[in-house]
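Thanks for coming. I will talk through one model today, starting with a term and then going to the details.

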Amino acid sequence: MELKGAIAVVTGGASGIGKATRDLLEAAGARPVTWDLAGADIRCDVSSEESVEAAIAATVAGYGVPSILVAAAGVGRTGRIVDLDLSDWDLTYAVNIRGVMLALRVVAREMIAAGLPGSCILISSVNGTVADAAHSMYSTSKAAVNHLARCAAVELGPEGIRVNAVAPGPVETPMMSGVLAIEGYRQQIADTTPLGRIGAPEDIAEAVLNLLRSDWVTGQVVAVDGAASLMSARGHDRARKLTQKHGDGA
């Protein structure tokens with residue numbers, strides 16, 4: 001897909017992965033249009049059907065029909081199942097899956113009406129596959145995003161529209177600021193990631209642009225996590241012990 005001149009809707013484009021993607025799209029010659037509740041080209045609450053409908057109308061009127069969607073808006077809530085606040089559960093699903101579906105729906109409708117082929121990237125998470133304690137809200141919403149990408153790829157493929165998901169691992173974003181402030185957490189990520197560091201928003205944005213350009217890839221969930229999700233906690237521990245033993249000259 002040629003990015004130069006393409007109109008690209010980026011939800012959650014005011015910060016984190018969304019902003020990094022917006023910036024790389026612009027550098028590649030695309031015309032990004034950010035939808036966000038703060039600091040965006042168009043103010044939009046992705047969980048609201050009315051707000052999303054207004055955002056697509058404003059996009060088409062002000063910029064033209066988009067041929068790219070990057071659905072990056074999301075929230076992170078954690079808690080044990082037995083202690084969950086249902087308002088947190090409802091918010092997580094409203095933004096992380098309902099919001100993704102609403103954005104995908106309106107952008108795809110415009111592409112089809114205009115006869116435009118297009119490419120849509122839904123931002124998921126490795127937590128959509130990995131089961132961590134206290135992540136039932138976030139993880140299940142991201143698992144739904146993964147399968148939405150597959151279902152949408154099947155439905156929209158005949159229209160020339162590709163749909164994929166990108167699943168980041170730990171990334172230095174505002175959503176991660178709380179846990180990154182915990183002493184030793186950053187080093188723990190580095191120690192358990194084969195590529196040896198936490199991700200940057202630009203790492204994810206680069207993967208998004210690569211998928212946007214890949215015309216024969218659709219319906220896939222691509223993990224972008226430095227290979228951290230390939231190993232279990234037991235495997236990390238064994239690898240560390242073997243490394244230490246090798247380093248001791250044994």
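A term to begin with: a helix crossing is called left-handed if the near helix is turned anticlockwise from the far one by less than a right angle, and right-handed if clockwise. What you have in front of you is a predicted model.

The term is needed for one helix pair. Helix H1, residues 16-27, passes H7 in a right-handed crossing. The two pack at an angle of about 55°, and their axes are 8 Å apart. Angles that fall neither under 35 degrees, nor over 145, nor from 65 to 115 count as oblique, and H1 and H7 are therefore oblique to each other.

Which residues of H1 meet H7? On the H1 side they are Gly16, Ile17, Ala20, Thr21, Leu24 and Leu25. On the H7 side they are Pro201, Glu202, Ile204, Ala205, Glu206, Val208, Leu209 and Leu212.

Now the sheet. Seven strands form an open sheet, and its order is E3-E2-E1-E4-E5-E6-E7, with parallel pairing. At the edges are strand E3, residues 42-43, and strand E7, residues 221-224, each of which pairs on one side only.

As a reminder, strands of a sheet pair through backbone hydrogen bonds, either parallel or antiparallel.

Take the E7 edge. Strand E6, residues 161-168, pairs with E7 in the parallel sense over four bridges. Alanine 167 has alanine 223 in E7 as its bridge partner.

Elsewhere in the sheet, strand E1, residues 7-11, runs parallel to E2 and is joined to E2 by five bridges. Valine 10 stands opposite threonine 34 in E2. Is strand E2, residues 31-36, mostly covered or mostly uncovered? Mostly covered: five of its six residues are buried.

Back to H7, because the sheet and the helix pair come together there in the contacts: helix H7, residues 201-213, lies across strand E4 (68-71), strand E5 (118-123), E6 and E7. H7 runs at about 160° to E6.

After H7 comes a loop, and serine 214 lies in that loop, between H7 and E7. Serine 214 has a relative accessible area of 26%, so this residue is partly exposed. How far apart are serine 214 and glutamate 2 in sequence and in space? They are 212 residues apart in sequence and 9.8 Å apart in space, C-alpha to C-alpha.

Next, the aromatic residues. The structure holds one aromatic pair. Tryptophan 89 and tyrosine 93 form that pair, and the pair is stacked, at 5.1 Å centre to centre with 20° between the planes. Both residues lie in helix H3, residues 86-114, where they are four residues apart, about one turn of the helix. Tryptophan 89 has 28% relative accessibility, so tryptophan 89 counts as partly exposed. Tyrosine 93 is partly exposed as well, with a relative accessible area of 25%.

Last, some backbone angles. Alanine 134 is in the loop between E5 and helix H4, residues 136-156. Its phi is near 70°, a positive value in a residue other than glycine. Alanine 134 has a relative accessible area of 30% and is therefore partly exposed.

Alanine 227 lies in the loop between E7 and helix H8, residues 233-247. Phi of alanine 227 is near 75°, again a positive value in a residue other than glycine. At 23% relative accessibility, alanine 227 counts as partly exposed.

Terms used: Residues numbered from 1 in each chain as written. Predicted model: local features only at pLDDT ≥ 70, side-chain atom pairs only at ≥ 80, totals over all residues. Heavy atoms only, no water. Pairing = 2+ DSSP bridges. Contact = heavy atoms within 4.5 Å. Axes fitted to C-alpha atoms, helices over the stretch in contact; angles between N-to-C directions. Phe/Tyr/Trp six-rings, centres within 6.5 Å; stacked < 30°, edge-to-face > 60°. Buried < 20%, exposed > 50% of the residue type's maximum accessible area, 1.4 Å probe, protein only.
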